[in-house]
Amino acid sequence: MRRWARREDERLLTGRGRYVADIRVPGCLDAVFVRSGVAHGVLREVDCTAAREVPGVAGAWSAADLMDLPACPHAAGDLQDLPPVPRTVAVGLSPEEAVAGREWPVLVKDRVRYPGEAVAVVLGEDRYRAEDGAAEVTFRIDPLPAVVTPSAAAEDSVRLFDGLSNIAFEGSAGRPIDEAVLQGAAVVVEARYRQQLLMPTPMECRTFLAVPEADRLTVWAGHQMPHRLRRELAALLEWPPDRVRVVVPDTGGAFGSKSALFPEYVAVAFLAVRLGRPVRWIEDRLESMLVATRGRGQDQRVRLAADAEGRLLAYELTIDADVGAYPHLAVGLPMQTAWMATGPYTTPQVRATLRSVLTNTMVTYPYRGAGRPEATVALERSMDALAHRLGLDPAELRRRNLIPPASFPYRTPTGRCYDSGNYAAALDLALTTLDYDGWRAERARRRADPAALPLGIGLACYVERSGGEPGGLHEFGGVEAREDGTVVARSGTSSSGQSHETVFPALVARTLGVDEARVRLAEGDTGEQPQGVGSFASRSAQVAGAMLVHACALLVGRARERAAGLWEVPVGEVAWCDGAVHAGPAVMDLAELVKLTGPLRVDDRFAAGMAFPFGAHAAVAEVDPELGTVRVLRLVAVDDCGTVLDPVVVRGQAFGSAVQGIGQALYEGFAFGEDGVPLLAGALLDYLLPTDAEVPPIEIRDTRTPSPGTPLGAKGAGESGCIGTPAAIVNAVADALRIADPGLLGTPLTPETVWRAARAPKLPERPV
Amino acid sequence: MRITVRVNDREYRLDVEPRRILADVLREDCGLTGTHLGCEHGVCGACTVLVDGAAVRSCLMLAVQCDGGAVRTVEGLAGRDGEPHPLQRAFSAEHALQCGFCTPGFLMAAAGALEADPAVGEDPERVAALAGSGICRCTGYEPIRRAITRAAREWPRPAT
Ligand code: FES
Ligand code: FES
């Protein structure tokens, strides 16, 4: 047996991992930000004078102070001001119209728009000294009323930007529903759902270390998109990109929260360059809970219509999405929900409309699932409600409507083209794995027994999108064979716990037919791999995996050509097998070939098609109506992510993802005070992440329907639990309580919410 | 303030400000960055180390409180010959880590418990208590439970 299951393991298990905060750079200053305690207000004054007197403080600046800083030669152009935080230009996620006039300053200039927004930055010889300094910064903010939900903010009675609406964007997918269809339907489920704001909460908060050297800058950051970070930093500094190098060392989780350039990064990079000294920002948890990105945040309304046999006729989804205080990526992100509104069903008419609305909260950003959980939760909760209304078994209702395998590629009314699938097979596997019939019997038994706690079964079928949107479905990288017999695989992706270092070399080794131990991965360093897109949207295996397979094929082609030249035979007579070229009796392995013919390296760009992973999750939950508590007794997650590169790694991600899904359904969320400030003074004691005690027996199974979008056939993995699990759990609770209005169960299902729902009007009794 | 601490069987004479937490002193003054900070308020457990054999949150303890004491961190887990600790082997075998950020804390909490009483591994409730002593955002804990049980099975038994 190999000593370590993954290549990452040895260093991570012996304390020799290297996360950004572990990197020692002599003379490095620590940055601490002075943050607003109010959600919305007018900044009247900031005074950093006293902070500068504190021993060990190297400097302290407000936005106004930074403007006074003299421009220094060769550094940061002649900028007299910090540029605003760049928007996400990729695939129209933050369109120019939405951003115009609503720029996100790095430090507050005149108006605070979210709690925790930074009003000053202090640099100290270490974190203790920087915090001493920060404590001496004084500032005054005149509070304004705050709006914290998109529905409230959409009224524009409080505006974040004077003279501009809070509605930053409106969009839609699908044609308007024909009202006659709704009127003629046997049943129309109408409901409202709130998808609460969630915090991605990787165990390592954000990190950013900027080390200037001569006219260059090296940045170390836990990050999902190092090339984007380099490009944006270089643009802000008005430098050519090759003067900036971004390195991503070990990264302690990301889940979507580490792919942007944040205000703090801009401040740190500029100060490092201006002062000519290394500066780092190691975000702490309290700070993170105030100002790290949030995910989800939608107020939804649905209408789902079916005929008496349970055939879906029409589905309408209306979304007010929370953008946060500045229009960033979250402006366009809810389109993901709109495009995926059709779900896995053959519904002929589907329409989704959305408004992206500014609120006085930190910006919304992708969090594991990113727009797809919102689509799945709304549809699947409505499906269960529909089944109850029709007196149909929820599994049977779904079966009648799932897109059949022969219909792929399937064009949805909301503009997606699903690549491949066997949705019913996933549902069937979930039901048998769960022992659906056994639990139905148990549910019936408990319903007949007034002393028994009610039990419910919840289902969720989902289809999601992985890889990214057109224009972002490619990856850069390549393979290189070296004289010493080793092979270097290069990829523009970046790992934050997904085992790339193990999985990609294994894939390349398999593809080339060489010994795995000879292959190593170069990733997460723009100095080693100059171009890249990154790791988000479950794209690494699907897109970068396919890119590596493609690069291997190119390498093999070149090797055969070279061998043909050496041996003076036609290329057609040179075969490739087990990492060597063969022609008749002649055999030569890669290392020898490179020795004789010179370096052999392939670099390329490869584009994949969009892929649509899918699956079915099922949960059994027991509810105590007196205490309002929910106990999940069993969870089954069946996922199909096409070709699987490493089943154990994929299973691990599916499991962890399901636990995050449990968190979303039952525990994670936060309330706001009257003043719009989140009630999170107890930090992780107020924002409840699932611990081991909350993990029920979970069974992860898979079906494998390859994607036709690449020769490799892999679809994205790892987000499924956040997509399928929350709806399954909420449905189980709704089933246990038999409530008539599904919208009453707002997530997270706190004891109070469940207790109240338990007292709400019930569904009429029906044999199910 | 001058203190003397044995860390992983090596003596460190340090001059530390009384307000510095143990985790910072281990990471910065001793250069032992295997101990991670995930919350700095005692909840996540990433910073767990052994002080005189007992698991403590090193973000909640001042370094000066350890004067004269013995601290063990994840860097001191492997044997002198570099042979991996049963927990290290088991965590890898069971895929009980993904990003690895929480891992040192779980390793040290489990090491403290198993070293005090290897029978912990036979009791699912005590294993669950160890897996429940910290926060892991990646694995969903089940692999951590399995790893602790597996390490206990492979625990060197005193010769009888
Ligand atoms: S860092 Fe000490 S418990 Fe979280
Ligand atoms: S392995 Fe990432 S937090 Fe536990």
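**Exercise 1. Find which elements the buried residues of helix H16 of chain A pack against, and how much of the helix is covered.**

Solution. In this predicted model, the buried residues of H16(A) pack against four strands, namely E19 (474-481), E20 (487-491), E21 (519-523) and E22 (575-577), and against the helices H17 (540-567) and H19 (647-667), which belong to chain A as well. To see how much of the helix is covered, begin with its extent: H16(A) runs over residues 500-512, which makes 13 residues, and its first and last C-alpha atoms are 18 Å apart, close to the 18 Å expected at 1.5 Å a residue. Next, count the buried positions, which number 10 of the 13, and the helix is accordingly described as mostly covered. Among these buried residues are His500(A), Phe504(A), Pro505(A), Leu507(A) and Leu512(A). Finally, look just past the end of the helix, where Gly513(A) follows with a positive phi, near 75°.

**Exercise 2. Describe how the rings of Trp104(A) and Tyr326(A) are arranged, and which parts of the chain they link.**

Solution. The search of the whole structure gives 17 aromatic pairs over all chains. In the pair formed by Trp104(A) and Tyr326(A), the ring centres are 5.6 Å apart and the planes are at 10°, an arrangement that counts as stacked. The two residues come from distant parts of the chain, 222 residues apart, since Trp104(A) sits in the loop between helix H4 (96-99) and strand E4 (111-112), whereas Tyr326(A) sits in the loop between strand E14 (312-324) and helix H11 (334-339). As for accessibility, Trp104(A) has a relative accessible area of 4% and is buried, and Tyr326(A), with 1%, is buried too.

Now turn to another ring beside Tyr326(A): the centres of Phe161(A) and Tyr326(A) are 5.8 Å apart and their planes meet at 75°, so this pair is edge-to-face. Because Phe161(A) belongs to the loop between helix H6 (150-153) and strand E7 (167-173) while Tyr326(A) belongs to the loop between E14 and H11, the pair ties together parts that are 165 residues apart in sequence. Phe161(A), like Tyr326(A), is buried, and over its face lies Arg113(A), at 3.8 Å from the ring centre.

**Exercise 3. Name the residues of the ring cluster that includes Phe262(A), and the arginine that lies over the face of Phe262(A).**

Solution. Ring pairs join Phe262(A) with Phe33(A), Phe208(A), Tyr265(A), Trp281(A) and Tyr365(A) into a cluster. The arginine is Arg206(A), which is placed over the face of Phe262(A) at 4.4 Å from the ring centre.

**Exercise 4. Decide whether Arg228(A) is buried or exposed.**

Solution. First locate the residue, which is found in helix H8 (residues 226-237) of chain A. Its relative accessibility is 5%, and because buried means under 20%, Arg228(A) counts as buried.

**Exercise 5. State which residues touch the most other members of the largest nonpolar core, and where this core lies.**

Solution. The core has 90 residues, of which Leu737(A), Leu745(A), Phe91(B) and Ile144(B) touch the most other members. Its largest share, 10 residues, is supplied by helix H20 (residues 720-737) of chain A. In chain B, domain 1 (2-76) and domain 2 (86-154) both contribute residues, so the core lies between them. Apart from this core lies another one, of 66 residues, whose members include Leu66(A), Val85(A), Ala153(A) and Tyr326(A).

Methods. Residues numbered from 1 in each chain as written. Chains lettered and ligands numbered in written order. Predicted model: local features only at pLDDT ≥ 70, side-chain atom pairs only at ≥ 80, totals over all residues. Heavy atoms only, no water. Phe/Tyr/Trp six-rings, centres within 6.5 Å; stacked < 30°, edge-to-face > 60°. Buried < 20%, exposed > 50% of the residue type's maximum accessible area, 1.4 Å probe, protein only. Lys NZ or Arg CZ within 6 Å of the ring centre and 35° of its normal. Expected span 1.5 Å × (residues − 1). Contact = heavy atoms within 4.5 Å. Core = buried A, V, L, I, M, F, W, Y, C linked by side-chain atoms within 4.5 Å. Domains from an automatic or database assignment.
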